[in-house]
Amino acid sequence: MRALLVEDDEMIAAGLRQGLAREGWSLDWVADGLAGERALADGDYACVLLDLGLPGQEGTALLRHARARGDRTPVVVLTARDGLDDRVANLDLGADDYLPKPF
């Protein structure tokens, strides 16, 4: 399976890549929201692991744009934003799950 990771923290990205590779996943990693939006539009992914606090473009904007163009790739938000309002807002935008950091 192939997933897209949109995460600006290199250490988190490395850990996720290593862990998911052990489970048979191939993980493409980009470190900013604009690159993430391009990768999602160009790729065929089983899912997206999406940080919200990204350079270039917030993860929330990437999610909003993807859903507006009809992209239904499952999205799991991985973020330090642990407030209920953030969780509800992103799930309402179309995120499939929301996992606060640290995890």
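How many of the 10 residues of α3 are buried? Seven are, so α3 is largely enclosed by the rest of the structure. Buried means under 20% relative accessible area, with exposed over 50% and partly exposed in between (1.4 Å probe, protein chains only).

This is a predicted model: local features need pLDDT of at least 70, side-chain atom pairs count only at pLDDT 80 or more, and totals for chains, interfaces and linings use all residues. Residues are numbered from 1 along each chain as its sequence is written, and side-chain values use heavy atoms, leaving out hydrogens and water.

**Overall fold**

The protein chain has four helices and five strands. Along the sequence they follow the pattern β-α-β-α-β-α-β-α-β. The radius of gyration is 12 Å, close to the 13 Å that the globule rule gives for 103 residues, so the chain is as compact as a globular protein of that length. That radius is taken over C-alpha atoms, and the rule is 2.2 Å times the number of residues to the power 0.38. Helices (H or I, at least four residues) and strands (E, at least two) are DSSP runs, numbered from the N terminus.

| Property of the protein chain | Value |
|---|---|
| C-alpha box along the principal axes | roughly 35 × 30 × 25 Å |
| Buried share of the 103 residues | 40% |
| Exposed area | about 5,500 Å² |
| Carbon and sulfur share of the exposed area | 52% |

Areas come from the Shrake-Rupley method with a 1.4 Å probe; for residues, only the protein chains shown count as cover.

**Helix α3**

The buried residues of α3 are Gly-59, Thr-60, Ala-61, Leu-62, Leu-63, Ala-66 and Arg-67. They pack against β1 (2–6), α2 (33–42), β3, β4 (75–79) and α4 (84–93). Contact here means heavy atoms within 4.5 Å. After α3 comes Gly-70, whose phi is positive, near 90°.

**Asp-51**

Asp-51 lies in the loop between β3 (47–50) and α3 (59–68). UniProt lists Asp-51 for "modified residue: 4-aspartylphosphate" in an unreviewed entry. UniProt positions are given in the numbering used here, feature names are shortened, and annotations may be inferred rather than shown by experiment. Asp-51 is buried, with a relative accessible area of 4%. Not counting residues up to four places away in sequence, Asp-51 touches Val-6, Glu-7, Asp-8, Gly-59, Leu-78, Thr-79 and Lys-101.

Lys-101 also begins a cis peptide bond, to Pro-102, with omega near 0°. Pro-102 sits in the segment after β5 (97–100). Most peptide bonds are trans.
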